[in-house]
Amino acid sequence: MRLVVVGAAGRMGRMLVRTVAETEGCRLVGAIEREGSHALGQDAGMLAGLAPLGVSVTADPLPVFAKADGVLDFTSPAATISFADLAAQARIVHVIGTTGLQDADFTKLEAAARHARIVQSGNMSLGVNLLAGLVRKVAATLGQDFDIEVLEMHHRMKVDAPSGTALLLGEAAAEGRKISLKERSVRSRDGHTGARNPGDIGFATLRGGSVVGDHSVIFAGQGERLELSHRAEDRSIFARGAVKAALWGFDKKPGYYTMADVLGLKDL
Ligand SMILES: NC(=O)C1=CN([C@@H]2O[C@H](COP(=O)(O)OP(=O)(O)OC[C@H]3O[C@@H](n4cnc5c(N)ncnc54)[C@H](OP(=O)(O)O)[C@@H]3O)[C@@H](O)[C@H]2O)C=CC1
Ligand SMILES: O=C(O)C1=N[C@H](C(=O)O)C[C@H](O)C1
């Protein structure tokens, strides 16, 4: 499968280039960064710490998408929305790991997915997607007297909060409880907040150092507490998931898919 990495000089971009290079059946055919980036003109392999791959980083996605089967996109919401249009025009699989997407962005992606194959997830790892299934089940099993809180910690460079994973896990908890996350989520607390409302789903965000991604969903009851956690030790778990998603999407019909589809965890 011929793959393009957009945001190729980023933390995930460089990991994706390495993962594509080492995955049988995949070949890197393009690497994109924005106009003005220090990475333009550099070999994507060398940028990722590999031997040269013969693929120069460019700021012009159109000709690159035209010769590809899929694009791996871990960039920013604005960039992802513009790449979605181009990927749909080129009829290639668009794997989206970018987080911080807002409702209006999802609406645009769902529109693009009428003609394109989009696989989008706030977390591409097997562990987190399995965890989401477990959270859904536990939330459905325990009653409202167990308060649900989602705690996450990431490296100091992360720009969005709560993390895409925290929201994915919150959504799984809300589905289990059969409530709307939008209506019941509490994303920050400060000052005299009053007592916790029963049924709310709370989020707490920590940032610091080089933490790749830690997430816990806490079910706090009267006299006991159940905690389900995932610790990402290495970004390769996300990159391997993204490449797997691209390969999976190769022969699929246009549509909006998630990692639960890719990993066969839909019914968990
Ligand atoms: N779903 C998942 O499993 C995971 C998702 N993520 C998400 O992926 C995203 C990227 O994370 P990370 O790699 O750490 O961030 P980085 O900032 O290291 O990388 C993002 C890269 O995208 C580039 N970029 C931004 N806009 C454009 C554009 N218009 N055209 C081309 N390139 C562009 C940036 O360039 P510049 O620096 O010039 O802006 C940068 O090189 C985040 O949203 C993060 O939350 C991360 C890990 C796992
Ligand atoms: O920005 C990151 O680094 C990560 N972002 C994703 C998120 O927002 O959940 C996934 C992972 O936790 C790393």
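**Exercise 1. Helix 6 and helix 9**

What covers the buried residues of helix 6? Describe the span and burial of helix 6 and of helix 9.

*Solution.* This is a predicted model, in which local features need pLDDT of at least 70 and side-chain atom pairs count only at pLDDT 80 or more, while totals for chains, interfaces and linings use all residues. Residues are numbered from 1 along each chain as its sequence is written, chains are lettered from A and ligands numbered from 1 in the order in which they are written, and side-chain values use heavy atoms, with hydrogens and water left out.

Step 1. Helix 6 runs over residues 126-141. Helices are DSSP runs of H or I with at least four residues, and strands are runs of E with at least two, numbered from the N terminus.

Step 2. From first to last C-alpha, the 16 residues of helix 6 reach 23 Å, close to the expected 22 Å. The expected span is 1.5 Å times one less than the number of residues.

Step 3. Val128, Asn129, Leu131, Ala132, Gly133, Val135, Val138 and Ala139 are the buried residues of helix 6. Buried means under 20% relative accessible area, exposed over 50%, and partly exposed in between, with a 1.4 Å probe and protein chains only.

Step 4. The cover over these residues includes strand 7 (147-154), helix 7 (164-177), strand 10 (213-220), strand 11 (225-232) and helix 10 (259-262). Contact here means heavy atoms within 4.5 Å.

Step 5. Helix 9 (residues 236-249) has 14 residues and a span of 20 Å, close to the expected 20 Å. Because 10 of its 14 residues are buried, helix 9 is largely enclosed by the rest of the structure. Among the buried residues of helix 9 are Phe238, Val243 and Trp248.

**Exercise 2. The shell of ligand 1**

Which residues are closest to ligand 1, and how much of the accessible area of ligand 1 does the protein cover?

*Solution.* Step 1. The shell of ligand 1 holds 22 residues, and Met12, Glu33, Arg34, Thr99 and Met124 are the closest. A residue is counted if one of its heavy atoms lies within 4 Å.

Step 2. By class, the shell has 7 nonpolar, 10 polar and 5 charged residues. Ala, Val, Leu, Ile, Met, Phe, Trp, Tyr, Cys and Pro count as nonpolar, Asp, Glu, Lys and Arg as charged, and the others, Gly among them, as polar.

Step 3. Helix 1 (11-22) and helix 4 (77-90) each supply at least two shell residues.

Step 4. A backbone N or O atom of Met12 is 2.8 Å from an oxygen atom of ligand 1. A backbone N or O atom of Gly122 is 3.2 Å from a nitrogen atom of ligand 1. The protein covers 77% of the 930 Å² of accessible area that ligand 1 has on its own. Accessible areas come from the Shrake-Rupley method with a 1.4 Å probe; for residues, only the protein chains shown count as cover.

**Exercise 3. The shell of ligand 2**

Which residues surround ligand 2?

*Solution.* Step 1. The surrounding residues include Thr99, Gly122, His154, His155, Lys158, Gly164, Thr165 and His215. The shell divides into 2 nonpolar, 9 polar and 1 charged.

Step 2. A polar backbone atom of Gly164 is 2.8 Å from an oxygen atom of ligand 2. A polar side-chain atom of Thr165 lies 2.5 Å from an oxygen atom of ligand 2. Of the 320 Å² of accessible area that ligand 2 has on its own, the protein covers 85%.

**Exercise 4. Two acidic residues**

Is Asp43 buried or exposed, and what does the side chain of Glu149 make a polar contact with?

*Solution.* Step 1. Asp43 lies in the loop between strand 2 (27-32) and helix 2 (44-47). Asp43 is buried, with a relative accessible area of 14%.

Step 2. The side chain of Asp43 reaches the backbone nitrogen of Gly54 at 2.8 Å, and a polar atom of that side chain lies 3.3 Å from the backbone nitrogen of Val55.

Step 3. Glu149, in strand 7, is buried at a relative accessible area of 18%. The side chain of Glu149 makes a polar contact with the side chain of Arg189 at 2.8 Å. A polar contact is a pair of N or O atoms within 3.5 Å; within protein, one must be able to donate a hydrogen and the other to accept it, and residues adjacent in sequence count only if both atoms are side-chain atoms.

**Exercise 5. Backbone exceptions**

Where is the residue Arg91, and which peptide bond is cis?

*Solution.* Step 1. Most residues other than glycine have a negative phi, and most peptide bonds are trans.

Step 2. Arg91 has a positive phi of about 60°, lies in the loop between helix 4 and strand 5 (93-96), and is exposed at 53%.

Step 3. The peptide bond from Ala161 to Pro162 is cis, with omega near -10°.
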